[in-house]
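Q: Please take a close look at the largest pocket in this model. What is its volume, which residues line it, and which elements do they come from?

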Amino acid sequence: MNTLKEKALPFLKTYWFSIILIFWSWFIVKQFYMTIEYNILLAVSYKHVFGFSMIYFVMDNLTLIIHEAGHTIFGIFGWRFLTVLGGTILQILIPFVLFIVSWRGRKIFVSQASLYWLGFAWLDSAAYCADAYTQDLPLIGNLPKSSHDFLNILSDLNILNHYMTVAWVMFSIGFLILLTGILLPLFKSQRTKYVDLDLKL
């Protein structure tokens, strides 16, 4: 019994947040898969389980604020395409930079949380992209459908007809990032070097 406890405690100490992320990742992967595959309006109307709904609400609105700020920040350069794309760039860039800083500082918890946020940002963008052709999602400020980010981005790139392919690629990137966040403690243990010093004098 003691042996089992001795093995379980270090495992839980290392992977407790990974276990939580498995469930959290499942919630958003399921939501955005159903959004892209079946009903685009689930991006804004999906009902999460009690408890997680508040976490999703905070993360979703924080990402939206950063997204809108991205349009303003990248709009400084005066290039319309970059201004439109800037929202998506910033909502992906912020959690990515947070991950890099926390990983370099060996803060595993913050690194995992950053990757979870980054994965969410990609999934959220994938759903937005999947709406590029029909523009069914409501836009902030009741903007006209012609203001849809991915309608403009994909049209400018002349790949609007491939909007679902782009959406699924973005979804796959988000999924892989979430998986990396769950498995991140494995990479940390590989980075750790143990030095056995013989101090016999």
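A: What follows describes the pocket, then one residue of its lining, then a patch on the surface.

The model is predicted. Its largest pocket has a volume of about 800 Å³. The lining consists of 33 residues, and those nearest the pocket centre are Val-44, Asp-60, Leu-64, Asp-124 and Pro-138. Two or more lining residues come from each of the helices α2 (42-45), α3 (52-75), α4 (80-104), α5 (108-130) and α6 (149-156). Helix α3 gives the largest share, with 9 residues. By residue class, the lining has 15 nonpolar, 12 polar and 6 charged members.

Asp-124, one of the residues nearest the pocket centre, belongs to helix α5. Its relative accessible area is 21%. Because buried means under 20%, Asp-124 counts as partly exposed. Along the chain, Asp-124 and Gly-174 are 50 residues apart, while 8.8 Å separates their C-alpha atoms.

As for the surface patch, Phe-175 is situated in helix α7, which covers residues 163-191. With a relative accessible area of 39%, Phe-175 is also partly exposed. Phe-175 joins Leu-176, Leu-179, Leu-183, Leu-186 and Phe-187 in a nonpolar patch on the surface. Together, the residues of this patch have about 510 Å² of accessible area.

Key
Residues numbered from 1 in each chain as written. Predicted model: local features only at pLDDT ≥ 70, side-chain atom pairs only at ≥ 80, totals over all residues. Heavy atoms only, no water. Patch = residues over 30% accessible without salt bridge, like charges linked within 9 Å, V, L, I, M, F, W, Y side chains within 5 Å. Areas by Shrake-Rupley, 256 points an atom, 1.4 Å probe, with all protein chains shown as cover. Salt bridge = Lys/Arg side-chain N within 4 Å of Asp/Glu carboxyl O. Helix = DSSP H or I, 4+ residues; strand = E, 2+ residues; numbered from the N terminus. Buried < 20%, exposed > 50% of the residue type's maximum accessible area, 1.4 Å probe, protein only. 1 Å grid on protein atoms, 1.4 Å probe; cavity = no way out; pocket = protein on both sides within 12 Å on 5 of 7 lines; lining within 4 Å. Points joined across faces, edges and corners; volume = space filled by probe spheres on them. Nonpolar A, V, L, I, M, F, W, Y, C, P; charged D, E, K, R; others polar.
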